[in-house]
Amino acid sequence: MAAVTLLKGRRVVLGVTGSIAVYKSVDLASKLTQAGALVDVVMTEAARQFITPLTFQAVTGRPVYTDLWAADSTGGLPTHIAHVGLGEGADLLLIAPATAHTLAKLAHGLADDLLTVTALAVRCPVLVAPAMDGGMYAHPAVQANLKLLIERGIELIPPEHGRFASGLEGVGRLPETPALMGAVRQVLGQRFGGLAGRRVVVTAGGTQEPLDPVRYITNRSSGKQGYAIAQAAQDAGAHVTLITTAALSSPFGVEVVPVGSADEMLRAVLTYSRGADALVMAAAVADFRAKDVSQHKIKKKDDSDGLTLELVRNPDILAEVARVREADPAAGPRVVVGFAAESQDLLDNAQKKLERKRLDLIVANDISASDAGFAVETNRVVLLSPDSGREELPLMGKSEVAELLVNRLAGLLGG
Ligand code: C5P
């Protein structure tokens, strides 16, 4: 797990209660730590029946707290007000797994151990990830407690359907680490991000222009840069819609709209970018499509060695968006960002596109370099905008490019 800017230096209090799902919390604590968070684990007595504090201490590199009464380093804080000490300065309290018993205590303000006392003392967002066996999660008592907690502003990571340790099946399993990490990023992004409350639409991948039911024409775009932008905008607290042709794993919380052809992408972009704060067109849209799409698979012919395809121009999505904005600025996205992937005359071509497509910002990248552009993990880009000229950036990871772009976007939106 690489460092995540949003998580760097953030103080996460991880409450762990007595469920067999604690084995997943160890991985979560490790991934949060690797991502740069400072993770203070608080374990209930029941949690310690499953796993020892040493395990969490080993993965977080920090003391683990277990005892409300101890006033030293043997499981308490070096203070007589441990719960306040833990809660102070915490950016997030995440309780994963949260048992039915702990949820009931939280709902009713009971505070008989370090975790529940801390939960009353914190002023940061509280996220709970229930985990329980059999039909316990569906029990009206559990549901009523959860309802109370949600009404009070506590955020829920819903449990998943699956097989329990008992062999029964149902809803109650703790989600895996990526979903838990995603929920943490979403809550922190909405609290600290420069795009909190904004709606951002991102496109990704090369469009697929069908020839017949089994074949299509596409290009070498992997969608990685677009997905990184969607993740960065999500980390910045935006509501993100990702219109994509790629099948990469989607960032948690992002609304994914799968499309194939340029025509499908155009329709989706016009629908979802209506009234949005920003549109980032990172997709590599094919300029041409087959004039006629064969209803049946095109067959080889005995009397011919080749095949001639007639292609026609695809619509220019950004030009259509510009038309919508011109006709009614409120109907289009407020800020539009385009990409220029070029193999020659990079800056001249990008400048022309910036003007022709009426963009607020264009990201130009030289796809002839082996360490930038399609498929690779890095990119070297130049940002061009109508007012602030050119910003040449060094070789960076695609996530870093995405973060920088999202910062510029927040600036353009006045965030
Ligand atoms: O014209 P060109 O393809 O080089 O421009 C690249 C930019 O325009 C990208 O942001 C791409 O997503 C967008 N584009 C578009 N519709 C097309 C072709 C490209 O919106 N038909």
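## Ligand shell

A residue is counted as near the ligand if one of its heavy atoms lies within 4 Å of the ligand. In this predicted model, the residues around the ligand are Met281, Ala283, Val285, Asp287, Pro315, Asp316, Ile317, Leu318, Gly338, Phe339, Lys353 and Lys357. By residue class, this shell holds seven nonpolar, one polar and four charged residues.

Which residues make close polar approaches to the ligand? An oxygen atom of the ligand lies 2.7 Å from a backbone N or O atom of Met281. Pro315 also takes part through its backbone, where a polar atom is 2.8 Å from a nitrogen atom of the ligand. Lys357 contributes through its side chain, with an N or O atom 2.9 Å from an oxygen atom of the ligand. On its own the ligand has 450 Å² of accessible area, and the protein covers 88% of that area.

## Ligand site

The ligand takes up the space of the second largest pocket. Two or more residues of the shell come from each of the elements α11 (317–327) and β16 (335–342).

## Overall architecture

The chain comprises 415 residues, of which 50% count as buried. Its secondary structure consists of 13 helices and 21 strands. Measured out along the principal axes, the C-alpha trace spans about 80 × 55 × 40 Å.

Two residue pairs illustrate separations along the sequence and in space. Gln57 and Asp292 are 235 residues apart in sequence, and their C-alpha atoms are 64 Å apart. Met396 and Asp371 are 25 residues apart in sequence, with a C-alpha to C-alpha separation of 9.5 Å.

## Buried and partly exposed positions

Asp212 belongs to the loop between β9 (209–210) and β10 (216–217). Asp212 counts as buried because its relative accessible area is 4%, which falls under the 20% cut-off. The side chain of Asp212 reaches the backbone nitrogen of Val214 at 2.8 Å. A polar contact of 2.6 Å also joins the side chains of Asp212 and Arg215.

Met396 lies in strand β21, which covers residues 396–397. With a relative accessibility of 13%, Met396 is likewise classed as buried. Gln57, by contrast, is placed in helix α3 (residues 53–60), and its relative accessibility of 39% makes Gln57 partly exposed.

## Backbone geometry

Where does the chain contain a cis peptide bond? The bond from Ala96 to Pro97 is cis, with omega near -5°. Pro97 is part of strand β3, residues 92–98.

Positive phi values occur at Asp345 and Arg358, neither of which is a glycine. For Asp345 the angle is near 45°, and this residue sits in the loop between β16 and α12 (346–356). Asp345 is exposed, at 54% relative accessibility. For Arg358 phi is about 55°, and the residue is found in the loop between α12 and β17 (361–366). Arg358 counts as partly exposed because its relative accessibility is 47%, a value between the 20% and 50% limits.

Notes:
Residues are numbered from 1 along each chain as its sequence is written. This is a predicted model: local features need pLDDT of at least 70, side-chain atom pairs count only at pLDDT 80 or more; totals for chains, interfaces and linings use all residues. Side-chain values use heavy atoms; hydrogens and water are left out. A polar contact is a pair of N or O atoms within 3.5 Å; within protein, one must be able to donate a hydrogen and the other to accept it, and residues adjacent in sequence count only if both atoms are side-chain atoms. Accessible areas come from the Shrake-Rupley method with a 1.4 Å probe; for residues, only the protein chains shown count as cover. On a 1 Å grid over the protein atoms alone, a cavity is a set of points where a 1.4 Å probe fits but cannot get out, and a pocket is an open set with protein on both sides within 12 Å along at least five of seven lines; lining residues have an atom within 4 Å of a point. A molecule sits in a cavity or pocket if more than half of its atoms lie within 2 Å of its grid points. Helices (H or I, at least four residues) and strands (E, at least two) are DSSP runs, numbered from the N terminus. Ala, Val, Leu, Ile, Met, Phe, Trp, Tyr, Cys and Pro count as nonpolar, Asp, Glu, Lys and Arg as charged, and the others, Gly among them, as polar. Buried means under 20% relative accessible area, exposed over 50%, partly exposed in between (1.4 Å probe, protein chains only).
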